[in-house]
Amino acid sequence: MAIAFKQETFRDDFSYRNSPENIRRFPFPFDRDEYMYSVNMEPHVKGQAGTIYESLIDVDEHYVAEMHDRALVLKEDPLRYQALPHMMSAQWDTLELLMEEQAAGYPEHFTLIKNGDQWRWINRPLGIDDTFIFGDASTLPYEPFEYITRQAQGDFCIVDQRDNNLWMDAGMVTTQADWSLDFDIGMNFMEWHGPVPLAHQIGVFDRALKFLLNLQQGKPTRRFNWTMTINPRLDTSPENYPKWGPDRLTVTPQNIGEKVHLRVELQSLWRLPRSNAILFVIRCYLMNMDELVTVPKWARRFPRVLRTLPPELIDYKGLTRFREMTIDWLSKYDDGAPTSAGTFPD
């Protein structure tokens with residue numbers, strides 16, 4: 001079934017909204033009523049229809065608007081895309097993976113035709129129909145990694161594996177939760193995760209690195225991350241903090257439902273075939289509190305989770321100014337009833 005793409009904005013008038021159908025497929029990340037920090041890795045496999053797991057690279061009603069917002073960010077700051085010279089093989093790996101997954105998952109919107117090295121790529125939502133030679137970057141309007149990630153939702157990082165570590169050596173990052181590709185490019189796994197509280201002390205990143213160094217081709221893995229954002233703003237980068245940081249001061253008990261958003265990242269990791277690099281996909285989903293409480297299970301669970309956050313995480317995620325206010329606002333939707341297991345709506 002063809003997706004009805006929305007015309008909406010993630011800045012200025014913030015017209016972004018989820019349809020009722022899209023609310024039901026939102027990746028609510030909490031499977032219990034209290035917060036627990038964990039690696040939470042699981043195989044990235046296809047799941048039931050009508051969820052974000054139906055295809056391994058998810059495309060939804062916000063696709064066209066998100067790609068327009070990405071183009072605006074890149075026009076303002078071209079360094080949101082960077083790739084070190086030795087990553088060209090991994091760029092082609094990524095282009096192939098994303099084209100194949102989008103064409104397989106959404107054939108009514110994307111078509112990939114291969115004739116040896118002569119490839120034709122049709123992206124109907126964005127009006128793109130290009131023929132190019134696979135492996136020859138001069139036949140594309142951008143580098144291969146930039147070309148395809150201008151046409152895929154989420155942020156993308158390619159990490160090179162060497163010296164028993166992972167190094168962030170390429171990225172397209174325009175929807176990040178307060179971290180900078182320009183700062184992290186060339187860093188290793190432990191360096192770019194340095195600011196995260198608590199996890200280092202309990203060995204989360206040591207275990208994660210060991211796991212990822214052994215990631216096998218054809219067996220991608222996934223995990224969730226989350227934070228909260230004021231207004232449906234995709235670009236919450238350090239470079240643009242003066243634009244979004246003051247938003248936290250605008251929250252009142254009267255506008256929480258519209259302004260306060262749960263921001264969830266579905267993070268998938270893929271071993272690439274030619275380069276042996278790992279593609280790190282960070283797919284961002286946004287849902288405001290008015291939308292969240294239309295699912296009674298989530299309306300009960302989310303304030304319970306917020307109450308159990310460690311102080312270090314409250315500060316790290318930037319929730320200090322509006323967490324208690326949000327809990328108070330959500331409390332009228334929590335009748336104290338038990339919640340069912342898992343994350344899906346009842």
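The lining of the second largest cavity in this predicted model splits into 7 nonpolar, 3 polar and 2 charged residues. The residues in question are Phe10, Tyr16, Asn18, Asn22, Phe26, Asp60, His62, Glu66, Leu234, Cys284, Tyr285 and Leu286. Strand S10 puts in the largest share of that lining, with 3 residues. As for the space enclosed, the second largest cavity holds about 60 Å³.

The largest cavity comes out at about 80 Å³. Strands S9 (260-271) and S10 (278-288) are the elements that each contribute two or more residues to its lining, and S10 again has the largest share, at 3 residues. In total, 13 residues line the largest cavity, with Leu56, Ile57, Asp58, Val281 and Arg283 lying nearest its centre. By class, this lining consists of 7 nonpolar, 4 polar and 2 charged residues. Counting everything of 30 Å³ or more, the structure has 2 cavities.

One of the residues around the second largest cavity, Cys284, also comes up when looking for disulfides. There are none to report: the search of the whole structure gives 0. Cysteine 284 has its nearest cysteine sulfur 14 Å away, in cysteine 157. Seen from the other end, the sulfur of cysteine 157 has cysteine 284 as its closest cysteine partner, and at 14 Å that is too far for a bond, given that a disulfide needs the two sulfurs within 2.5 Å. Both cysteines are tucked away from solvent: cysteine 157 is buried with a relative accessible area of 0%, and cysteine 284 is buried too, at 4%.

Then there is the packing of the nonpolar side chains. The largest nonpolar core takes in 37 residues, and those touching the most other members are Leu95, Met99, Trp121, Phe132, Ile158 and Leu279. Quite a list of elements feeds this core with at least two residues each: helices H2 (63-76), H3 (88-105) and H4 (144-149), together with strands S3 (110-115), S4 (118-123), S6 (155-162), S7 (165-172) and S10. Helix H3 gives the most, with 7 residues. Strand S10 therefore turns up in this core as well as in the linings of the largest cavity and the second largest cavity. Apart from this core lies another one, made up of 36 residues, including Tyr53, Phe224, Leu313 and Phe322. Such grouping fits a general trend, as nonpolar side chains in soluble globular proteins tend to be buried together.

Notes:
Residues are numbered from 1 along each chain as its sequence is written. This is a predicted model: local features need pLDDT of at least 70, side-chain atom pairs count only at pLDDT 80 or more; totals for chains, interfaces and linings use all residues. Side-chain values use heavy atoms; hydrogens and water are left out. On a 1 Å grid over the protein atoms alone, a cavity is a set of points where a 1.4 Å probe fits but cannot get out, and a pocket is an open set with protein on both sides within 12 Å along at least five of seven lines; lining residues have an atom within 4 Å of a point. Grid points are joined across faces, edges and corners, and a volume is the space filled by probe spheres set on the points. Helices (H or I, at least four residues) and strands (E, at least two) are DSSP runs, numbered from the N terminus. Ala, Val, Leu, Ile, Met, Phe, Trp, Tyr, Cys and Pro count as nonpolar, Asp, Glu, Lys and Arg as charged, and the others, Gly among them, as polar. Buried means under 20% relative accessible area, exposed over 50%, partly exposed in between (1.4 Å probe, protein chains only). A nonpolar core is a set of buried Ala, Val, Leu, Ile, Met, Phe, Trp, Tyr and Cys residues joined through side-chain atoms within 4.5 Å.
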